[in-house]
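Me: Please teach me how to read a protein model, one feature at a time. I would like the general idea and then the case at hand.

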Amino acid sequence: MSGGNSMTVGRRQFLKLSALAAASSLAAQLGQAAPVVPSVELPTIPDVHWNKAPCRFCGTGCHVQVGVKDGRVVAIAGDRQAEVNKGLLCVKGYHVGLALYGKDRLTTPLLRKDGKLTPISWDEAIDVIAQRIQSAPNRFAMYGSGQWTIPEGYAAQKFMKGGLANNQIDPNARLCMSSAVTGFLSSYGVDEPASCFDDLDACDVVITWGNNPAEMHPVLFSRLIDRRLRGDKVMLIDISTRRTRTSQQADHYLPMLPQGDLAIANCIAHQLVYGEKFDREFVEKHCNFRGDTEPLTLNGQAITFEQYREFLKDYSPEKVAPLSGLSVEQLQMLGKLFADRQLKITSLWCMGMNQHTRGTAINNLVHSIHLLSGHWGKPGDGPTSLTGQPSACGTVREVGTLCNALPGGRLVENAEHRAHAEDWWNLPAGRINPQPGYHTVLMWEKFCTPSDQGGDIDTIWVQVTNPGQSLPNLHRLFNAKKGLENKFLIVSDVYPTATTELADLILPSAMWVEKNGIYGNSERRTQQWFKQVDPPGEARDDCWQTIAVAHRLMKLGHAGMQDKDGRFLFHQADEADQEIPIWNWDHYYDVNVDERLYNEYRQFSRMKHKDLAPYAVLAEARGMRWPVVEKDDGSWHETRWRFVEGSDPYVQSGQGVQFYHSVTKDDRALIWFRPYSPPPEVPDSDYPFWLDTGRVLEHWHTGTLTMRIAPLQKAMPSAYVEINAEDAKRLAIRNGDQVRLETRRGSLELPAWIDGRGISPVGAVYVPFFDERLLINQLTLDAHDPFSKQPDYKKCAVRVTKVGVKPASNGKS
Amino acid sequence: MPVQPFCQTASQGVPAAVSGLVITATSDPSDRAAIDAALAAAGCFEVGPWQENRLPVALEAADERASREWFEWLCGLPGVVKVDLAFVAWDD
C-alpha cells in the first residue's frame, strides 16, 4: 500500500480537507438519533457545482449530492438533508457518478445490416421503428423497467395503451416485485406498503424473511446498526435459506428450507390462534378472514374464524418443523414474539418472498400474521416490503406499466377505469383495449416462438433493462430468438449488454443526471431531479425516443397518435398556445417535458388516494411520501403510515385504523389462510442440489453499470458458485476450482467459492447474476406464481460437478 | 449481540482518489488509542477529532487498488466496529 501524488498537491490538499469536513459532519450526525439536518454546507471545491439527485441504483432511494465540474460529474457526497439516508451512502452510491463514464458508452444508433451493427442516423432509427410498428401494431410489445423514470414510464404507457390500443407492455419489475403487488392488493385492496423506513428507527424486533439488506439495502441496514451502536436494543431475526452478511449481525439466524416460509408463517398464526394470543380487538374491528377458492383466484373467498382456525390445525410447531427446517423451539420463539404486543415488530422482505411460485401467498401470510397479532400500524410495528429498483414503485406500480394496468392503480379490464383514462387523455371512447396483454414470461415466450407457430409478438422495444441476462430460463425465453425470421428486437440502453447481443436496432440512451427525472422509492416517496450534464455523443432521453416514434407514426397515418381533437398524443403548447415540437430533439428541452407529463399523470394519482405533490414542491424536497395533501396554510403534508389516523389524511376521525380501499368494501383488511405446498422443482438423484441466485453488495442487478465502475469491478470481478465446505470436500472441490452446474434448462461453469461471502447449507449452492459472461439465468426456472406471474429464481434442482482445478500461480494447473 | 465489523464496503473497493470516512470504534478507550497510533503510523490519513466513538478521517491513496487495501486495513483494525464513507472524489 502506498500514498500517492498523481494529482496536483493543491487540489489534493483541497479535496482532503473537503473529505475530512464531510466525514466530520457525518460523524456528528451518526451520533444523533434524529440526524437529518435542515441545511448543510457542501464541500467547497473550486468550480464544482452541487445539486441533488436520488441514487440510480436500488429502491432505497438515497439522495446524493452530485458535484459537477466542466460538464462532468467529479464528486459525490451523501445528502445530509435526505431523510432516507441521512448523509450515508453505500459503496455503489458513492460511485454512482462513475457509471456515466464507462469507455464503451453507446453514442450512436446502430442497425443490424447483414448481421453487422452499422451506425445510422436518429432519423433513420425512428423511421425503422415506426415502420415496423405501423406494419403490425398489435404484434408489437414494449418491455420496460423499474428504472424508467415516472415520466418515461407514463409516456410509454400512454403511447401503448392510449395510442396503439395495445396492452403488450410489461416491465422487468414483473420479475422482482409483482408478488408484493398482488399480496398488497389481496390483503388491503390497494397496492404498496402502508409503512415506511421510519419503522426501522422505532422497532424492537426486525425479522428479515429471505432478505439480505446488509448487502442489498445497506443504508437501511446501517440505520439498524447505528441504533445498536447508540445503545438501542434491536433484535434481528434472519429467516433465510443461506447465511448472509445480514445473518452475521442477527441475534437469531433461522435456517429455513426452500419454500419453508409458507409453513413458518402459518405456524405463527397457529400459535396465535390456538394459544388465544391473537389481538382479538384489532381483528374484530379491522379484519376479515379469507381462504382459497377452487380454481384459485386472487381474492379468494370469505371464511369464518372457525374455518380459519381449522385450516391452521396442521401447522403446529411440531408438524411445521420438518417442513420448514426450523426447530420446534425456533418456531415457538417466533410465536411468542408475535404474541407479545408490547414489542414493535418490523418484517422486511424483498426477492426471497417475491421470486416464489407462491409469492402472493407468502406475502398474504406475512401481512396476516401482523394483522392477526395487532402488530400493525404503529411506528416500528408492521410489514415493510422492499424493492430492488429505484422506481419499481413509482413507475411500475403507480404509473401502472404492467400489461393489465392503467395509471393510478386502475385496470384495463374495468370499463369505468378505461373511460376515465380516455377522458383524461382526450381519446375517443373505446380506444383502450380491455384485454390485458402478455405478462413478461409470456411476452418473451411469444417473441421466441416462430410467428407461424403462435408466436404473435414480432417486435419488442426494450428500454432501461437487460432481459438477455435477467429473464429466467434464458435459452427458452431469450436465446431462442436467434435465427427466427421476422422477429425484431429494439434496445434502448447506455452500454452494450447481453440483450444488445441479439438486438436488431440499438438506440443510445441518456442516463440518470444526463436527463430530468422522477423516481418513486420503496416507501411511497416520490423524488425529482434535474439534468446536470449532457449525455455523450448522440445519446438521447428514452422519453424523447418514445415521443419521437409516436410522432413519426402519426405522420405515417396511425390514427391512434392523435387525440379526438386531432392533436398529437403528446401535444405540448407554449404560452401563446403554439405547439412545441418536442418530438424534435433540438426542441425537446425547450420545455420541461418531465414536468408537463408529471402534471398530466398526477391527476391519476388521486384515484386511489396516492396523491402526489406538485412538481415544484418535489423540486425543493428530498422526496415526499404520498398521499401528499395541501393543508390549510398552503403547505404540503406527506404521509408516513397509510391507513392510520393522524398520519394518513384520508382516514376518518375516530377510526384509528381504516383500510379504506378494502377488498370487502368495509374498511377491513384480509387475514388469509394459504396452505403450504412444496416447491415446483426439488432436488433428486439426477439433480441433487438446490440452486439459489441473487445479488452481491458491489453490483447492481445485471452489472451493466457497476461492472464499469472500476473500484466495484475490481472488488467483485466475476460471478462464482458459493458451495458449502462439506459438499466441497465430498466433491474434492477447492476454492477457485472450476465447477459445472447443470439444470434441466442449461449448464454453466464457474469458479467455486467455499463458504465465501455467504454460506450455503449442505446440499445447496448460490450464484450471483451480475456477470454477463456467466449467465446463471440460463439455468433458472421460469415457473411462476399463478397471480403475480413472477418467476422463482430462488430454488431449483441442480447437478454440481468439478471440471477443473484452479490454475496455479505459475500458470500450470 | 454479536460485535462484528459491519463494513458494508469491507473487502471491496472503495475510494478512488480522495475519500472521507467515519470510523466507528468500540467504547473501549484503549481501542481508540490503538487506532490513533495505527493511523499515525500509516501516514496517508488526515485525522479529525474523535466525536465520542466516531473518528472522521480523510484518505489519500495512489490509486483505487491502494484505496481498497487501505479500506480493508481500516476495517480489520482491532476495535473498529464499522467504517462509513462520507465523500468520494476522483481524478478528472
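Me: Where in chain A does A:Pro295 lie?

Reply: A:Pro295 lies in the loop between strand S11 (287-291) and strand S12 (301-303) of chain A. Helices (H or I, at least four residues) and strands (E, at least two) are DSSP runs, numbered from the N terminus. Before we go further, please note that this is a predicted model, in which local features need pLDDT of at least 70 and side-chain atom pairs count only at pLDDT 80 or more, while totals for chains, interfaces and linings use all residues. Residues are numbered from 1 along each chain as its sequence is written, chains are lettered from A and ligands numbered from 1 in the order in which they are written, and side-chain values use heavy atoms, with hydrogens and water left out.

Me: What kind of peptide bond joins A:Glu294 and A:Pro295, and which residues does a bond of that kind join further along, at an omega of about -5°?

Reply: Most residues other than glycine have a negative phi, and most peptide bonds are trans. Here, however, A:Glu294 and A:Pro295 are joined by a cis peptide bond with an omega of about 0°. A cis bond also joins A:Trp626 and A:Pro627, with omega about -5°, and A:Pro627 sits in the loop between strand S22 (624-625) and strand S23 (629-630) of chain A.

Me: Which sign does phi have at A:Arg524, and is that residue buried or exposed?

Reply: Although A:Arg524 is not a glycine, its phi is positive, about 70°. A:Arg524 belongs to the loop between strand S20 (517-520) and strand S21 (525-529) of chain A. Buried means under 20% relative accessible area, exposed over 50%, and partly exposed in between (1.4 Å probe, protein chains only); A:Arg524 counts as buried because its relative accessibility is 0%. A:Asp577 also is not a glycine and has a positive phi, about 65°, but A:Asp577 is exposed, because its relative accessible area is 58%.

Me: How should I read a helix such as H3(A), and which of its residues are buried?

Reply: An α-helix has 3.6 residues a turn, so residues three or four places apart point the same way. Helix H3 (residues 122-135) of chain A has 14 residues, which should span 20 Å at 1.5 Å a residue, and the 20 Å between its end C-alpha atoms agrees; the expected span is 1.5 Å times one less than the number of residues. The buried residues of H3(A) are A:Trp122, A:Ala125, A:Ile126, A:Ile129, A:Ala130 and A:Ile133. They lie on the same side of H3(A), because they cover an arc of only 125° around the axis, the arc being that of the directions from the helix axis to the C-beta atoms. Among the elements that cover these buried residues are helix H4 (150-163) and helix H21 (542-555) of chain A.

Me: Which residues of helix H18 (residues 440-447) of chain A are buried?

Reply: In H18(A), these are A:Thr440, A:Val441, A:Met443, A:Trp444 and A:Phe447. Their arc around the axis is only 165°, which puts them on the same side of H18(A). They pack against several elements of chain A, including strand S7 (169-171) and helix H19 (467-470).

Me: What is A:Tyr315 in contact with, leaving aside its neighbours within four places in sequence?

Reply: Contact means heavy atoms within 4.5 Å, and with those neighbours left aside, the partners of A:Tyr315 include A:Ala263, A:His270, A:Phe673 and A:Tyr676. A:Tyr315 and A:Tyr676 are 361 residues apart along the chain, and their C-alpha atoms are separated by 9.3 Å. A:Tyr315 is found in the loop between helix H11 (305-311) and helix H12 (317-324) of chain A, and it is buried, because its relative accessible area is 9%.

Me: How is the chain B fold built up, from the N terminus on?

Reply: Chain B has 2 helices and 4 strands, and from the N terminus on its elements run β-α-β-β-α-β. Of its 92 residues, 60% count as buried. Among the contacts in chain B with a separation of 6 or more, 74% come from residues 24 or more positions apart.
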